[in-house]
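The following exercises concern the packing of helices and strands in one protein chain. Please examine the sequence and the structure before reading each solution.

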Amino acid sequence: MGDSLNQQVGILTRREIEARILKPLLAKLETEVGPARAYELLAEVIEDMARGDGADMATAVAGRDLEAFASAWEPWFRGGALTIEEHALSQDRWRFDVTRCRYAELYRELGLADVGSLLSCNRDAALIEGFSSEVVLERTQTLMEGATHCDFHYRRRDSDPE
């Protein structure tokens with residue numbers, strides 16, 4: 001059976017459910033194996049899941065270009081979860097800034113700000129890896145880490161960086 005939860009509830013709600021389970025599990029892991037190893041394990045699992053989600057997206061949409069990728073992002077935006085300023089969208093490039101991130105706000109509210117990047121931001125590069133090996137994500141900053149915005153720049157590997 002495929003995973004349809006993203007379509008049913010949206011990503012923000014899904015991340016809240018996951019975070020409420022992960023918080024006590026992570027605390028237990030930190031005690032058992034130490035914080036560094038616990039974070040390492042968490043990052044590995046989440047990035048593997050994101051690659052799988054990207055592969056599922058590629059199957060669900062027509063094509064592996066960035067317009068197709070962008071067309072599948074409604075569950076991430078649902079309910080105002082992300083406020084963005086889009087700068088470019090084509091088959092070869094998708095550039096946008098996130099000016100409000102309710103994911104970051106959620107992790108702060110739940111007392112998980114220190115691992116918010118692991119739980120959310122680190123998924124982005126792995127997601128595109130699963131979607132297409134021909135595309136990379138370039139990002140220099142995130143709201144989760146205290147910046148004024150997140151700067152997303154997805155581009156085909158063979159295109160010129162801007």
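**Exercise 1.** Determine which strands H8 lies across, and at what angle H8 runs to S3.

*Solution.* H8 lies across S3 and S4, and its direction makes about 170 degrees with S3. Helices (H or I, at least four residues) and strands (E, at least two) are DSSP runs, numbered from the N terminus. Axes are lines fitted to C-alpha atoms, for helices over the stretch in contact, and angles run from 0 to 180 degrees between N-to-C directions. The model is predicted: local features need pLDDT of at least 70 and side-chain atom pairs count only at pLDDT 80 or more, whereas totals for chains, interfaces and linings use all residues. Residues are numbered from 1 along each chain as its sequence is written, and side-chain values use heavy atoms, with hydrogens and water left out.

**Exercise 2.** Describe the sheet to which S3 and S4 belong.

*Solution.* Step 1: four strands form an open sheet in the order S1-S2-S4-S3, with antiparallel pairing; two strands pair if DSSP finds at least two bridges between them. Step 2: the edge strands, S1 (82-89) and S3 (135-138), each pair on one side only. Step 3: on average, neighbouring strands are turned by 20 degrees against each other, direction ignored. Step 4: S3 is joined to S4 (residues 150-156) by four bridges, and Val136 has Arg155 as its bridge partner in S4. Step 5: S1 and S2 pair over seven bridges in the antiparallel sense and form a hairpin with three residues between them. Ile84 has Val98 as its bridge partner in S2.

**Exercise 3.** Characterise the crossing of H3 with H8.

*Solution.* Step 1: the axes of H3 (residues 35-60) and H8 (residues 123-131) come within 6 Å and cross at roughly 40 degrees. Step 2: H3 is therefore oblique to H8, since angles under 35 degrees count as roughly parallel, over 145 as roughly antiparallel, 65 to 115 as roughly perpendicular and the rest as oblique. Step 3: residues of H3, including Ile46, Ala50 and Met57, meet residues of H8, including Ala126, Leu127 and Phe131; contact means heavy atoms within 4.5 Å.

**Exercise 4.** Is Ser120 buried or exposed?

*Solution.* Step 1: Ser120 lies in helix H7 (residues 116-121). Step 2: its relative accessible area is 14%, so Ser120 is buried (buried means under 20% relative accessible area, exposed over 50%, partly exposed in between, with a 1.4 Å probe and protein chains only). Step 3: not counting residues up to four places away in sequence, Ser120 touches Tyr103, Tyr107 and Met144.
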